[in-house]
Every structure is written in structure tokens, then in C-alpha cells.
Amino acid sequence: MDADPTGPCTLHEAWHAGEVTNTTHNPQGGINMNVNCTYCGNPAGCMSSKEWYGRDYGSNIYYCRPCDAYVGTHKGSFTPLGTLANKELRALRSKAHAVIDPYWRRMGYNRKTVYRLLGEYMGTAPNDTHIGMFNNEQCQKVIDGFQAFMKKPVKTG
Ligand SMILES: [Zn+2]
């Protein structure tokens with residue numbers, strides 16, 4: 001099925017109805033970053049934010065219908081923000097963000113500093129220190145202990 005670009009989006013509804021497959025639709029004619037599903041390893045499908053949300057945010061979504069997993073991209077980009085996440089992992093990532101984001105959003109920390117400290121806490125390299133790349137266990141570690149870690153005295157020198 002093809003989405004009518006001028007009409008209301010039906011693809012997201014089709015997703016929930018279980019009608020979308022990984023090859024249902026690729027709005028960019030085959031552009032993808034060879035993104036594979038975290039769970040089954042199969043190539044992910046790709047759709048635009050307009051098709052996904054019914055509103056054009058200029059970003060895209062990679063998805064795996066059989067695993068009910070997906071991940072978004074930055075605006076104007078086909079680079080995924082991280083790995084595909086199923087419902088459980090999406091919820092954990094959301095909770096992990098709720099722990100981390102206040103530090104730079106309203107507690108006066110520089111965002112880079114927060115992520116440097118997060119990497120220190122997690123033992124991850126800077127390029128891997130993104131919630132969007134964390135798995136269930138890593139998210140749980142953030143939720144369980146990052147606030148306590150941040151209360152420790154800052155190491156100097
Ligand atoms: Zn999958």
C-alpha cells in the first residue's frame with residue numbers, strides 16, 4: 001500500500017494493525033544505512049516522520065515490524081539515533097533520559113559534562129555513551145545508580 005502524500009497518514013495505523021512489513025515502504029527509494037534489527041538481525045524498514053507520525057519532522061524512522069522495534073534519526077538525516085528498541089527498551093530509555101536530562105536541562109550542568117560523567121559511570125567510550133545505544137541492562141544501570149554517582153564529590157586533577 002502507498003500512503004497518500006496529501007492525505008492523512010495511514011501507515012502508522014497499518015503498523016498497529018500489523019499490516020506493515022519491513023519491505024512495505026521505503027520513502028527514499030532504498031536509502032538506508034544498512035540498519036539491522038537489534039533483535040532478529042534482519043534489515044530494518046525505513047519510513048519518513050510524516051508517514052510515521054502523520055507530521056513531517058524532517059526525520060526518518062527505522063523499524064522492524066516483526067519485533068515491534070524502531071528508532072528515529074536526526075532531522076534531515078538517515079543516520080539512526082541508536083539501535084532499534086522494542087517496547088520494553090523504549091520505556092527503559094525514556095526512564096534513563098528522565099534521570100539524565102534534568103542535569104543539563106535545569107540543574108546547570110553543561111550537556112557535554114553530563115555525558116562525560118555518564119561515560120565514566122557506565123565505563124563506555126564517548127561514541128557509545130548515548131541512551132539510544134544502551135541496551136536494557138545499561139539503561140537499568142543509569143536508572144539505578146546515576147543519581148548516586150552524581151552526588152559523589154567531583155574528582156579533580
Ligand atoms: Zn527484528
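Start with helices α4 and α5, whose crossing is right-handed. What you have open is a predicted model, so treat every stop on this tour as a look at a prediction.

**Stop 1: α4 against α5**

Select residues 111-122 for α4 and 136-151 for α5, and show them as cartoons. The two axes come within 10 Å and cross at roughly 110 degrees. An angle from 65 to 115 degrees counts as roughly perpendicular, and α4 and α5 are therefore roughly perpendicular to each other.

Now switch on the side chains where the helices meet. On the α4 side, pick L117, L118, Y121 and M122. Their counterparts in α5 are Q138, K141, F146, F149 and M150. Colour this contact of α4 with α5 by class and you get 7 nonpolar residues, 1 polar and 1 charged.

**Stop 2: α3 against α5**

Keep α5 on screen and add α3, residues 87-105. Here the axes come within 8 Å and cross at roughly 20 degrees. That makes α3 roughly parallel to α5, since angles under 35 degrees count that way. As for handedness, α3 passes α5 in a left-handed crossing.

To see the contact, select E88, L89, L92, R93, K95, A96, V99, I100 and Y103 in α3. Then add N136, C139, Q140, V142, I143, F146, Q147 and M150 from α5. By class, the contact of α3 with α5 has 11 nonpolar, 3 polar and 3 charged residues.

Two names should ring a bell: F146 and M150 of α5 take part in the contact with α3, and F146 and M150 are also among the α5 residues that meet α4.

**Stop 3: the sheet**

Hide the helices and bring up the strands. You should see an open sheet of 3 strands in the order β1-β2-β3, with antiparallel pairing. β1 and β3 stand at the edges with a single partner strand each, so one side of each is left without a neighbour in the sheet. Look along the sheet for its twist, which averages 25 degrees from one strand to the next.

Next, follow the pairings. Strand β1 (residues 45-48) is joined to β2 by 4 bridges, and 4 bridges also join β2 to β3. For particular pairs to click on, try C46, whose bridge partner in β2 is Y62. On the β3 side, Y62 stands opposite V71, while I61 stands opposite G72.

**Stop 4: along β2**

Zoom in on β2, residues 60-64. Is this strand mostly covered or mostly open? It is mostly covered, with 5 of its 5 residues buried. Turn on the side chains and check which way they go: N60, Y62 and C64 point one way, I61 and Y63 the other. In a regular strand the side chains alternate between the two faces of the sheet.

Stay with N60, which lies in strand β2. How many C-beta neighbours does N60 have inside 10 Å? There are 29, and that is why N60 counts as buried; the cut-off for buried is 20 or more. Leaving out residues up to four places away in sequence, N60 touches C46, M47, S48, S49, T73 and F78. Try a distance label too: from N60 to G72 the C-alpha atoms are 5.8 Å apart in space, although the two residues are 12 apart in sequence.

**Stop 5: the turn at D68**

Now go to D68, in the loop between β2 (60-64) and β3 (69-72). The hairpin of β2 and β3 has 4 residues between the strands. What is unexpected about the backbone of D68? Its phi is positive, about 50 degrees, although D68 is not a glycine. D68 counts as partly exposed because it has 17 C-beta neighbours inside 10 Å, and partly exposed lies between the cut-offs of 12 or fewer for exposed and 20 or more for buried.

**Last stop: zoom out**

Show the whole protein again and colour by secondary structure: 5 helices and 3 strands. Trace the chain from its start and the pattern reads α-β-α-β-β-α-α-α. Of the 157 residues, 27% count as buried. Finally, if you draw contacts between residues at least 6 apart in sequence, 43% of them join residues at least 24 apart.

Definitions and conventions. Residues numbered from 1 in each chain as written. Predicted model: local features only at pLDDT ≥ 70, side-chain atom pairs only at ≥ 80, totals over all residues. Contact = placed C-beta atoms within 7 Å. Axes fitted to C-alpha atoms, helices over the stretch in contact; angles between N-to-C directions. Parallel < 35°, antiparallel > 145°, perpendicular 65-115°, else oblique. Left-handed = near helix turned anticlockwise from the far one by under 90°. Nonpolar A, V, L, I, M, F, W, Y, C, P; charged D, E, K, R; others polar. Pairing = 2+ DSSP bridges.
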